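These are my notebook entries on a structure that I looked up part by part. The sequence and the structure come before the entries.

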Number of protein chains: 2
Amino acid sequence: MERKPYVIGLDLGGTNSVFGIVDGKANVVASVSVKTKGHGTAEQYVADCCEALKPIIEQVGGIDKIQAMGIGAPNGNYYSGSVENAPNLEWPGIVPLAKMFEERLGLPVALTNDANAAAIGEMTYGVAKGMKNFIMITLGTGLGSGIVVNGQLVYGCDGFAGELGHVVIDRGEHARECGCGRKGCIEAYCSATGMVRTALEWMAIRNTPSTLRDIPTGELEAKDISIAASQGDKLAKEIMDYTGELLGKACADFANFCSPEAFVFFGGPTKAGDLLMEPVRKAYDENVLFNYKGKAKLIISGLDGASAAVLGASALGWEL
Amino acid sequence: MERKPYVIGLDLGGTNSVFGIVDGKANVVASVSVKTKGHGTAEQYVADCCEALKPIIEQVGGIDKIQAMGIGAPNGNYYSGSVENAPNLEWPGIVPLAKMFEERLGLPVALTNDANAAAIGEMTYGVAKGMKNFIMITLGTGLGSGIVVNGQLVYGCDGFAGELGHVVIDRGEHARECGCGRKGCIEAYCSATGMVRTALEWMAIRNTPSTLRDIPTGELEAKDISIAASQGDKLAKEIMDYTGELLGKACADFANFCSPEAFVFFGGPTKAGDLLMEPVRKAYDENVLFNYKGKAKLIISGLDGASAAVLGASALGWEL
């Protein structure tokens with residue numbers, strides 16, 4: 001059967017739902033954004049989204065030009081096509097979003113979580129093209145992951161595999177509380193939020209002067225830390241080193257699972273470039289088991305941040 | 001093409017090389033054991049083994065009745081069919097054992113490491129029959145692992161994936177040295193050897209009376225600990241609890257990778273049964289991410305210890 005020229009990608013975030021129509025060469029040829037909240041029911045959300053999609057679908061020549069749709073969503077389950085108990089969305093319980101879009105659009109629709117979508121995006125369009133074994137790490141509010149083994153996403157027995165952000169890196173009594181209710185998860189240290197927590201903690205316990213002290217604590221963001229570090233702020237530089245060191249140590253442990261050919265990092269904190277990646281690589285090399293030394297590349301995503309999530313979701317559509 | 005009725009399994013250990021001829025129902029119909037050391041070269045080892053195999057091959061009706069051969073060996077690499085830099089074998093460097101047996105026997109031969117062979121054995125003949133996602137944990141001198149995702153062994157980019165024994169469980173300054181040259185690996189705590197280290201450490205720092213104190217330290221084995229625990233020895237019981245607790249916590253972390261439907265435990269320490277498995281299950285339930293709670297079974301291998309390694313290796317032969 002002939003392939004149609006486009007897929008739709010939906011990056012479903014807590015605030016915005018960004019739709020893109022994507023061609024086979026990773027060009028987002030048309031896009032539209034809908035607020036995720038405020039539709040009442042999930043049914044109404046899907047109806048409103050499809051209404052907003054109409055003009056851009058017409059723009060590319062109508063629904064017959066579209067192969068399928070892929071959705072990347074928090075707590076997305078690939079097996080069921082549902083979003084399940086997502087704390088940042090306003091629909092309770094299990095919402096069969098893939099099926100709901102499928103029925104309205106008359107297209108096959110696949111859904112997975114955002115980090116898995118990012119991994120598929122890298123494999124289809126990005127730096128992981130041609131790789132059969134790699135680990136995607138997304139750094140944002142949380143630390144997400146998508147694991148590819150033998151060319152396939154690892155979904156596990158329930159569709160929820162690949163939560164590396166919740167591997168415990170600190171088992172000490174002062175380990176940080178994580179949003180999951182447990183303590184010491186790598187997410188509580190190395191996500192964008194984790195970096196801010198490190199900054200607040202260190203500003204409290206140290207006297208080192210820092211431009212970060214000029215920012216109200218409630219407004220401090222990870223990007224302030226990397227900007228300050230790039231301008232030579234000592235404390236900020238040490239936070240980058242610490243974050244990178246923990247991330248490198250964690251990745252060294254992850255290598256024991258699947259001996260990947262690469263770790264691909266994505267998200268705001270990676271914009272710091274080598275300020276983050278140098279300590280990551282150093283700690284990885286120092287901590288990885290001798291078997292794996294020098295085998296995995298530790299690289300930053302090659303996809304444009306603004307459209308990467310949409311591209312990732314759309315790539316799922318090409319698999320249908 | 002018609003399947004032949006038998007496969008040969010070779011469990012290649014540091015001391016003994018045990019060959020078994022196995023039928024499709026997991027019966028070891030004939031077997032022979034050869035000392036692993038003392039042959040000089042690997043070529044001579046293979047020649048001597050094939051000589052020892054002749055009578056048992058004749059016993060089942062000759063080489064035409066045999067489909068293939070599978071080898072489970074320390075540091076075995078499935079991709080290359082080689083044993084690579086195995087510290088406990090007397091052949092240096094990279095030894096292409098699969099190819100060497102293939103040439104002498106005229107049979108297809110596959111090779112993997114012992115823990116992967118155990119995983120394939122459980123999947124073919126044991127408690128993991130029909131499972132697509134599970135983690136095999138072998139407890140012996142080391143802590144080995146074989147990981148199955150989507151029904152396939154995880155080999156990674158280099159054939160060496162699945163070294164969960166070298167995930168770091170203790171990052172503190174008093175973390176134990178591991179045989180791999182690093183510190184704090186789970187293997188240094190939860191293998192049979194690790195249990196003995198715990199016993200020695202605790203006998204030094206505590207005054208608790210224990211029947212373990214009657215055993216010369218150089219002779220103390222993990223089985224002494226489980227026997228003492230089963231007879232009510234308090235210190236021994238606490239060592240079982242501690243070992244199980246660390247193992248359960250480690251498995252809770254492993255779930256984040258591949259959300260397995262089961263963890264299958266194999267090896268000497270599992271003979272303690274619930275004395276080990278109860279603390280493992282308790283710690284797993286208390287530490288696993290909420291997503292995965294109640295999903296994975298934590299079970300002991302169903303294969304007979306004496307023949308399990310041979311069965312595991314032989315199962316690899318059925319895949320050829």
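I first fixed the term on which the entries rely: two residues are in contact if their C-beta atoms, placed from the backbone, lie within 7 Å. I also recorded that this is a predicted model.

**Entry 1. A:V127**

I looked up A:V127 and found it in the loop between β9 (134-139) and α3 (114-125) of chain A. Leaving aside neighbours within four places in sequence, I listed A:E122, A:V264, A:I299, A:S301 and A:G302 as the contacts of A:V127. One of these, A:S301, is 174 residues apart from A:V127 in sequence, yet the two are 6.3 Å apart in space, C-alpha to C-alpha. I then asked how many C-beta neighbours A:V127 has inside 10 Å. The number is 18, so A:V127 counts as partly exposed.

**Entry 2. Two asparagines with positive phi**

I checked A:N85, where phi is near 50°, a positive value in a residue other than glycine. A:N85 belongs to the loop between β6 (82-84) and β7 (94-95) of chain A. I counted A:N85 as partly exposed because it has 14 C-beta neighbours inside 10 Å.

In chain B I noted B:N75, which is not a glycine but has a positive phi of about 55°. Its loop runs between β4 (66-72) and β5 (76-77) of chain B. B:N75 has 18 other C-beta atoms within 10 Å and is therefore partly exposed.

**Entry 3. Helix α3 of chain B**

I took helix α3 (residues 114-125) of chain B next; it has 12 residues. From its first C-alpha to its last, α3(B) reaches 16 Å, close to the 16 Å expected at 1.5 Å a residue. Is this helix enclosed by the rest of the structure or exposed? I found 12 of the 12 residues of α3(B) buried, so the helix is largely enclosed by the rest of the structure. Among the buried residues are B:D114, B:N116, B:E122 and B:Y125.

**Entry 4. Helix α8 of chain B**

Helix α8 (residues 274-287) of chain B has 14 residues. I recorded a reach of 19 Å from its first C-alpha to its last, close to the 20 Å expected at 1.5 Å a residue. In α8(B), the buried residues include B:L275, B:L276, B:R281 and B:Y284. I asked which elements the buried residues of α8(B) pack against. They are α6 (222-230), α7 (234-258) and β13 (297-300) of chain B.

**Entry 5. B:A199**

I placed B:A199 in helix α5 (residues 192-205) of chain B. B:A199 is buried because 26 other C-beta atoms lie within 10 Å. Not counting its neighbours within four places in sequence, B:A199 is in contact with B:L212, B:L220, B:I225 and B:I239. I also noted that B:A199 and B:T217, 18 residues apart in sequence, are 9.4 Å apart in space, C-alpha to C-alpha.

**Entry 6. Packing of α6 and α7 in chain A**

Two packed helices are described by the angle between their axes and the distance between the axes. For helix α6 (residues 222-230) and helix α7 (residues 234-258) of chain A, I recorded an angle of about 115° and axes 7 Å apart. The crossing of α6(A) and α7(A) is left-handed. On the α6(A) side, A:I225, A:S226, A:A228 and A:A229 meet A:A236, A:K237, A:I239 and A:M240 of α7(A). The residues of this contact comprise 6 nonpolar, 1 polar and 1 charged.

**Entry 7. The two chains together**

I then turned to the interface, where 31 residues of chain A are in contact with 31 residues of chain B. On the side of chain A that touches chain B, β10 (143-149) and α7 are the elements that give two or more residues. The most comes from α7(A), with 4 residues. I divided the residues of this side into 16 nonpolar, 10 polar and 5 charged.

A turn of 180° and a shift of 0.0 Å along the axis lay chain A on chain B with an RMSD of 0.0 Å. The two copies are thus related as by a two-fold rotation axis. I noted that 100% of the interface residues of chain A are also interface residues in chain B, so the copies meet through the same surface.

**Entry 8. B:D253**

I closed with B:D253, which lies in helix α7 of chain B. B:D253 counts as buried because it has 23 C-beta neighbours inside 10 Å. Which residues does B:D253 touch, not counting residues up to four places away in sequence? I found A:V167 and A:V168. The C-alpha atoms of B:D253 and B:I169 are separated by 9.8 Å, and the two residues are 84 residues apart along the chain.

Note on methods: Residues numbered from 1 in each chain as written. Chains lettered and ligands numbered in written order. Predicted model: local features only at pLDDT ≥ 70, side-chain atom pairs only at ≥ 80, totals over all residues. Axes fitted to C-alpha atoms, helices over the stretch in contact; angles between N-to-C directions. Left-handed = near helix turned anticlockwise from the far one by under 90°. Nonpolar A, V, L, I, M, F, W, Y, C, P; charged D, E, K, R; others polar. Expected span 1.5 Å × (residues − 1). Buried ≥ 20, exposed ≤ 12 C-beta atoms within 10 Å, placed from the backbone. Least-squares fit on C-alpha atoms with pLDDT ≥ 70 in both.
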